[in-house]
Amino acid sequence: MDKIKAINEDIAVVILSSQDSIEVAVSCMHHKAFDYVVKSETAFIRLQKNITTFLHYKKMEKELNWYMQRM
């Protein structure tokens, strides 16, 4: 995670793991993961929601920056 974020802070990393451990999840989030998803029957749906959420977040961020530049 740290190496990825060192290359580009804006890269959204979603960890997909079979470890259902709160300690591992917290550690990943501490290292700036966008989300931590445990492999399961619903993991694919959660990954889709993560992608949608991230793209929506980036769109809002871009719009906010546009407005801030106008002030």
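**View 1. The side chain of Ser 17 reaches the backbone nitrogen of Gln 19 at 3.0 Å.** Welcome to this predicted model; we begin at a serine in strand β1. Besides Gln 19, the Ser 17 side chain has a second partner: a polar contact of 3.3 Å ties it to the side chain of Tyr 36. Is Ser 17 buried or exposed? Ser 17 is buried, because its relative accessibility is 14% and the buried class covers values under 20%.

**View 2. Strands β1 and β2 lie side by side and pair in the parallel sense.** Strand β1 covers residues 14-17, and strand β2 covers residues 35-38. How many bridges hold the pairing of β1 and β2? There are four bridges. To find your way along the pair, look for Val 14, whose bridge partner in β2 is Asp 35. A general point helps when following a strand by eye: in a regular strand, side chains alternate between the two faces of the sheet.

**View 3. Helix α2 joins with the two strands in a right-handed β-α-β unit.** The pieces of this unit are β1, helix α2 (residues 22-30) and β2. Val 24 is a handy landmark in helix α2. Val 24 counts as partly exposed because its relative accessible area is 25%, and the partly exposed class lies between 20% and 50%. From the C-alpha of Val 24 to that of Val 38 the distance is 11 Å, with their positions 14 residues apart in sequence.

**View 4. Lys 32 has a positive phi although it is not a glycine.** The angle is about 70 degrees. Why is that worth a look? Most residues other than glycine have a negative phi. Where does Lys 32 sit? Lys 32 belongs to the loop between α2 and β2. With a relative accessible area of 48%, Lys 32 is partly exposed.

**View 5. Arg 46 and Asp 35 form a salt bridge.** The closest N and O atoms of this pair are 3.0 Å apart. The bridge links distant parts of the chain, with Arg 46 in helix α3 and Asp 35 in strand β2, 11 residues apart. Which of the two is buried, and which is partly exposed? Asp 35 is buried, at a relative accessible area of 13%, whereas Arg 46 is partly exposed at 38%. You have met Asp 35 before, as the bridge partner of Val 14.

**View 6. Asp 10, Lys 58 and Glu 61 share salt bridges.** How many salt bridges does the structure hold? It holds four, and two of them come together at Lys 58. One runs from Lys 58 to Asp 10, where the closest N and O atoms are 3.7 Å apart. This pair links distant parts of the chain: Lys 58 is in helix α3 and Asp 10 in the loop between α1 and β1, 48 residues apart. The other joins the side chains of Lys 58 and Glu 61, at 2.9 Å from N to O. Glu 61 and Lys 58 both belong to helix α3 and stand three residues apart, about one turn of the helix. Because these salt bridges share partners, Asp 10, Lys 58 and Glu 61 form one network. Each member is partly exposed: the relative accessible area is 49% for Asp 10, 23% for Lys 58 and 30% for Glu 61.

**View 7. Ser 40 makes a polar contact with Thr 42, side chain to side chain.** The contact spans 3.3 Å. Ser 40 lies in the loop between β2 and α3, the helix of residues 43-70. At 45% relative accessibility, Ser 40 is partly exposed. How far is the C-alpha of Ser 40 from that of Leu 16? The separation is 9.8 Å, while the two residues are 24 residues apart along the chain.

**View 8. Three isoleucines make a nonpolar surface patch.** The members are Ile 4, Ile 7 and Ile 11, and the patch measures about 280 Å². Where is Ile 11? Ile 11 is placed in the loop between α1 (2-7) and β1. Ile 11 is partly exposed, with a relative accessibility of 33%. That loop has already appeared in these views, since it also holds Asp 10 of the salt bridge with Lys 58.

Methods
Residues are numbered from 1 along each chain as its sequence is written. This is a predicted model: local features need pLDDT of at least 70, side-chain atom pairs count only at pLDDT 80 or more; totals for chains, interfaces and linings use all residues. Side-chain values use heavy atoms; hydrogens and water are left out. Patches are made of residues with over 30% relative accessible area and no salt bridge: like charges are joined within 9 Å, nonpolar side chains (Val, Leu, Ile, Met, Phe, Trp, Tyr) within 5 Å. Accessible areas come from the Shrake-Rupley method with a 1.4 Å probe; for residues, only the protein chains shown count as cover. Buried means under 20% relative accessible area, exposed over 50%, partly exposed in between (1.4 Å probe, protein chains only). Two strands pair if DSSP finds at least two bridges between them. A crossover is right-handed if, with the strands pointing away from the viewer, the path from the first strand over the helix to the second runs clockwise. A polar contact is a pair of N or O atoms within 3.5 Å; within protein, one must be able to donate a hydrogen and the other to accept it, and residues adjacent in sequence count only if both atoms are side-chain atoms.
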